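Biologist: Hello! Could we go through this one together, a question at a time?
Modeller: Gladly, let me bring it up on screen.

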Amino acid sequence: MEDGDPTLRLRIFDLNCWAIRYLSKRRQERVQLIGDMLRQDGFDLVLLQEVWSEQDYSDLKGKLRGCYPFSHYFHSGVIGSGLCIFSRFPILDTLLYQYSLNGYPYMLQHGDWFCGKSVGLIVTKISGIIFNVYVTHLHAEYCREKDVYLPHRLVQAWELAQFIRHTLTAADVVLLGGDLNMHPGDVGIRLLRGWTGLRDAFAEAARFEGCEDGCTLIPNNCFTAKTELLPFPQGVRIDYILYKAISSVTVKCEELKTTTGTAPGMDIPFSDHEAVMATLHIQRQGQAVGDNLGTAEPMLVDVVTETRTEVVVGLRAAQRQRYSTGRMAVLALLLLLLQAVAALGALAGLVAGQPFPKLSFSLLAFLAIGVLLLATGLHLFHTMEVKMLQGTEEQMRMALRALQERPSDG
């Protein structure tokens, strides 16, 4: 797009790389494949998730420097956010927002808490048009039938929507890509799209090529856990490219593609997720189109109400956990106090002989101290969780009040 040309075609690539350092299968080989493919296909913007290893990012950066001279890695959490963006155009500004809730530190088998799940933003200018480009990765579901992480993921979806709405004012176009870990009809997706007005590239695409229904987790991917997809024989769609025009431009999705399994000429895919590739047609208009909510307000009221209900359910569960851990800490403290009294009594000669064998007495004391420290830590964690859920529930209550009162203003 030249300065005098009112149209622009932008090619976007989004992929959850599944590149956990030392743990994921054939990681280095897949990183090499991803780099080769990106060099050949010439996308304008590349949005990646689960690049946990900064060495992998550095390797990709060096490999892609000639095609994508600008890039940014978003640092967050203990092992890193895993989020990075490569761009053919200069990156003018960056911002990172880390979600307030992100699972539980004691769920080591899942590990989401250690990643510091976040949303990263870069601002770039292409042919005079300002783009806000967001990349994110929300908390995984793990078990759809008993999803204990649903309240946390909904809080993340709400904070993502709020972050976008409060940072898009200077932009002409908003782009969001990432692994949202939600099906298209889930309440979190409906909340995100309704609250921000973002459009789904898959639903809007004039042409589509790839997996059936745009699925990005498919059973015939050799890295996918087949048991998780038993209820969904065709696969599920949890990776998205969403977009929105803010000012005097229009955006349409000309084409959307997904990868469909193994990399060309290889026996393995790029990742356990299929990549999503969109071609957007962007055109200048003479009049600003404004920034309106994307969903009709009565429908949005229902979506926010449903989300708030789930957050309240999570709040009640967090309050129960806070109470249980607090009670455990108190009991451990009482046990330590009883031991201290018994020990002081023995030292003062108030108790005849040694009331307990020294080894058993010492082991019991160490056990009580361990339980006290663990229970206190968990109590503090769940106290913070309660406060975050309460804060989000209050925000949603205020938003509902504003939505319900808005028709009467007119």
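Biologist: Leaving aside its neighbours within four places in sequence, which residues is leucine 160 in contact with?
Modeller: Keep in mind that this is a predicted model. Setting aside residues within four places of leucine 160 in sequence, its contacts are Tyr99, Val119, Thr136, Leu176, Leu180 and Leu192.

Biologist: Which residues touch the most other members of the largest nonpolar core?
Modeller: That core has 44 residues. Leu160 belongs to the group with the most contacts to other members, and two of its own contacts, Leu176 and Leu180, are in that group too. The full group is Tyr134, Leu160, Ile164, Leu176, Leu180, Trp195 and Val304.

Biologist: Which element gives the most to this core?
Modeller: Several elements give two or more residues, among them the strands β6 (118–126) and β7 (129–137) and the helices α5 (187–196), α7 (297–347) and α8 (358–409). Helix α4 (150–167) is also one of these elements. With 8 residues, the top contributor is α4.

Biologist: Where does this core lie with respect to the two domains?
Modeller: The domain assignment gives domain 1 (8–291) and domain 2 (296–348 + 356–405). Both of them give residues to the core, so its place is between domain 1 and domain 2.

Biologist: What is the area buried between domain 1 and domain 2?
Modeller: The contact takes 19 residues from domain 1 and 20 residues from domain 2. Carbon and sulfur atoms give 76% of the buried area. The total is about 1700 Å².

Biologist: Which three residues supply 28% of the area that domain 1 buries against domain 2?
Modeller: No other three residues of domain 1 supply more. One of them, Trp195, is also among the residues that touch the most other members of the largest nonpolar core. The three are Tyr106, Trp158 and Trp195.

Biologist: How many salt bridges are there between domain 1 and domain 2, and how many residue pairs in polar contact?
Modeller: For salt bridges, the count between the two domains is 1. For polar contacts across the interface, the number of residue pairs is 5.

Biologist: Which element supplies the largest share of the side of domain 1 that touches domain 2?
Modeller: Two helices, α4 and α5, each supply at least two residues of that side. One of them gives 7 residues, the largest share. The helix that gives the most to the largest nonpolar core leads here as well: α4.

Note on methods
Residues are numbered from 1 along each chain as its sequence is written. This is a predicted model: local features need pLDDT of at least 70, side-chain atom pairs count only at pLDDT 80 or more; totals for chains, interfaces and linings use all residues. Side-chain values use heavy atoms; hydrogens and water are left out. A nonpolar core is a set of buried Ala, Val, Leu, Ile, Met, Phe, Trp, Tyr and Cys residues joined through side-chain atoms within 4.5 Å. Buried means under 20% relative accessible area, exposed over 50%, partly exposed in between (1.4 Å probe, protein chains only). Helices (H or I, at least four residues) and strands (E, at least two) are DSSP runs, numbered from the N terminus. Domain bounds come from an automatic or database domain assignment. Contact means heavy atoms within 4.5 Å. Buried area is the accessible area (1.4 Å probe) that two parts lose on being put together, summed over both. A salt bridge is a side-chain nitrogen of Lys or Arg within 4 Å of a carboxyl oxygen of Asp or Glu. A polar contact is a pair of N or O atoms within 3.5 Å; within protein, one must be able to donate a hydrogen and the other to accept it, and residues adjacent in sequence count only if both atoms are side-chain atoms.
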